[in-house]
Amino acid sequence: RQYMRGGSGSVDILNIVSKEHLPSKARLVGLITLEKGCGIGKHEHTGESEIYYVLSGQGVLDDNGTVREIKQGDCNLCRSGESHAISNERDEPLKLIAAIILE
């Protein structure tokens, strides 16, 4: 996806579980890859929560206005009513698992 949620560059999303096989309370379980200079813009989740788990690489996460570096093994939960953004400014791709769970 190009310029996802107002972010920069393109975002590669591989659905690990196809939408028709997801439980009714899930909207996405996917592998997200961000190349250097790419990111997902800041957005709010409403009626759902999103979990990021970093598989490899490093990035910058904006978690409700708190900006921090993330790396392999880090996990972040964005609950309904909260917002987040993520970007990669490093040479190595940032790969993470994302799961969106409906309330």
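Strands are DSSP runs of E of at least two residues, numbered from the N terminus. By this assignment, D62 of the predicted model is placed in strand β5. The overall fold is described before D62 and other selected residues are taken up in turn.

The secondary structure of the chain consists of nine strands and zero helices. Read from the N terminus, the order of elements is accordingly β-β-β-β-β-β-β-β-β. The radius of gyration of the chain is 13 Å, which agrees with the value near 13 Å that a compact globule of 103 residues would have. The C-alpha trace extends over about 35 × 25 × 25 Å along its principal axes. Of the 103 residues, 41% are buried. Among contacts with a separation of 6 or more, 63% are between residues 24 or more positions apart. The chain has an accessible surface of about 5700 Å², and carbon and sulfur atoms account for 51% of this area. The chain carries 12 positive and 15 negative charges, and the mean positions of the two sets lie 2 Å apart.

Strand β5 spans residues 58-63. Within this strand, D62 has a relative accessibility of 18% and therefore counts as buried, the limit being under 20%. The D62 side chain comes to 2.8 Å from the backbone nitrogen of G65. Beyond the four nearest places in sequence, the contacts of D62 are with K42, V67, S83, H84 and A85. One of these partners, S83, falls within strand β8, which covers residues 83-88.

The loop that follows β5 and leads to β6 contains N64. The phi angle of N64 is positive, at about 55°, although N64 is not a glycine. Most residues other than glycine have a negative phi. N64 is partly exposed, since its relative accessibility of 39% lies between the 20% and 50% limits. A positive phi near 55° is also found for R5, again in a residue other than glycine. R5 is located in the segment before β1, the latter comprising residues 11-15. The relative accessible area of R5 is 44%, and R5 is therefore classed as partly exposed.

Strand β6 covers residues 66-71 and includes K71. K71 has 44% relative accessibility, so that it falls in the partly exposed class. With residues up to four places away in sequence left out, K71 touches V54, G57 and Q58. V29 is 42 residues from K71 along the chain, and the C-alpha atoms of the two are separated by 20 Å.

N76 belongs to strand β7, which is formed by residues 75-78. The relative accessible area of N76 is 7%, and N76 is therefore buried. The side chain of N76 makes a polar contact of 3.2 Å with the side chain of R68. R68 also appears among the residues touched by N76 outside the four nearest places in sequence, together with E50, I51, Y52, L61, D63 and H84. H84 is likewise in contact with D62.

S87 lies in strand β8. Excluding residues up to four places away, S87 touches L34, C38, G39, G59, V60 and L94. G41 and S87 are 46 residues apart in sequence, and their C-alpha atoms are 8.1 Å apart in space.

Strand β9, made up of residues 94-102, contains L96. The relative accessibility of L96 is 0%, and L96 is therefore counted as buried. The contacts of L96, with residues up to four places away not counted, involve G30, L31, I32, Y52, Y53, V54, L55 and I86. Of these, Y52 is also touched by N76, and V54 is also touched by K71. The C-alpha atoms of L96 and D74 are separated by 9.5 Å, with the two positions 22 residues apart along the chain.

Definitions and conventions:
Residues are numbered from 1 along each chain as its sequence is written. This is a predicted model: local features need pLDDT of at least 70, side-chain atom pairs count only at pLDDT 80 or more; totals for chains, interfaces and linings use all residues. Side-chain values use heavy atoms; hydrogens and water are left out. Helices (H or I, at least four residues) and strands (E, at least two) are DSSP runs, numbered from the N terminus. Buried means under 20% relative accessible area, exposed over 50%, partly exposed in between (1.4 Å probe, protein chains only). A polar contact is a pair of N or O atoms within 3.5 Å; within protein, one must be able to donate a hydrogen and the other to accept it, and residues adjacent in sequence count only if both atoms are side-chain atoms. Contact means heavy atoms within 4.5 Å. The radius of gyration is taken over C-alpha atoms; the globule rule is 2.2 Å times the number of residues to the power 0.38. Accessible areas come from the Shrake-Rupley method with a 1.4 Å probe; for residues, only the protein chains shown count as cover. Lys and Arg count as positive and Asp and Glu as negative; His and the chain ends are not counted. The place of a charge is taken as NZ of Lys, CZ of Arg, CG of Asp or CD of Glu.
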